[in-house]
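Subject: Structure for you to look at

Hello,

The sequence and structure are below, and my notes on them follow. Please read the two together.

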Amino acid sequence: MKKTILGELEELVLLVVAASTEQMYGVPVMEQLQLHAGRSFTIGAVHTTLYRLEEKGFLSSSVGGATTDRGGRRKRFFALTAAGATVLSEIRTMRENLWQAIPEGKFKLLGQ
């Protein structure tokens, strides 16, 4: 079976959506990315990534009601799918296996 490889931003966005206990849309995803990754992301990059992950089947979305504070525009909310949870689990396992493969003391030899 072919493994799915995600880009860094795709993985981070999936993790942010998975970690949330509330409905997520572009702006809160971007804010959480900036908080946890310690760097800035444009809303355009976040939206592009959310839609790409939806196309891949890792996120689903629904449109909320229009609000006056948004000038009548509606928010698109994203949620993790079963396929998204599976791919995150596979990535976690792969990363843990790679970390375990690093010989003990290797970082000390490199001055870390």
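Helix packing

Helix α1 passes helix α4 in a left-handed crossing; that term applies if the near helix is turned anticlockwise from the far one by less than a right angle, with clockwise being right-handed. Helices here are DSSP runs (H or I, at least four residues), numbered from the N terminus. The residues on the α1 side of the contact are E11, L14, L15 and A18, and α4 brings G84, V87, L88, I91 and R95. Contact means heavy atoms within 4.5 Å. Sorted by class, this contact has 6 nonpolar, 1 polar and 2 charged residues. Ala, Val, Leu, Ile, Met, Phe, Trp, Tyr, Cys and Pro count as nonpolar, Asp, Glu, Lys and Arg as charged, and the others, Gly among them, as polar. The axes of α1 (residues 8–19) and α4 (residues 82–101) come within 11 Å and cross at roughly 115 degrees. Axes are lines fitted to C-alpha atoms, for helices over the stretch in contact, and angles run from 0 to 180 degrees between N-to-C directions.

Where the model comes from

This is a predicted model, in which local features need pLDDT of at least 70 and side-chain atom pairs count only at pLDDT 80 or more, while totals for chains, interfaces and linings use all residues. Residues are numbered from 1 along each chain as its sequence is written, and side-chain values use heavy atoms, with hydrogens and water left out.

The chain averages a pLDDT of 90, and 90% of the residues score at least 70; pLDDT is the predictor's confidence in each residue, from 0 to 100. Among the elements of the chain, helix α3 (residues 43–55) has the highest mean pLDDT, 97, and helix α5 (residues 106–109) the lowest, 77.

The core

The largest nonpolar core has 20 residues, of which V13, L14, V29, L33 and L50 touch the most other members. Such a core is a set of buried Ala, Val, Leu, Ile, Met, Phe, Trp, Tyr and Cys residues joined through side-chain atoms within 4.5 Å. At least two residues of this core come from each of α1, α2 (26–37), α3 and α4, and α1 gives the most, with 5 residues.

Leaving aside neighbours within four places in sequence, L33 is in contact with L9, L12, V13, V16, G38, R39, F41 and V46. V46 itself is found in helix α3. With the same neighbours left aside, the contacts of V46 are G26, V29, M30, L33 and F41.

Individual residues

V46 counts as buried because its relative accessibility is 0%. Buried means under 20% relative accessible area, exposed over 50%, and partly exposed in between (1.4 Å probe, protein chains only). V46 and K108 are 62 residues apart in sequence and 37 Å apart in space, C-alpha to C-alpha.

E10 lies in helix α1 and is also buried, at 7% relative accessible area. Outside its neighbours within four places in sequence, E10 is in contact with T49, R52, L53 and K56.

L35, in helix α2, counts as exposed because its relative accessibility is 60%. T48, in helix α3, is partly exposed, with a relative accessible area of 45%.

Regards
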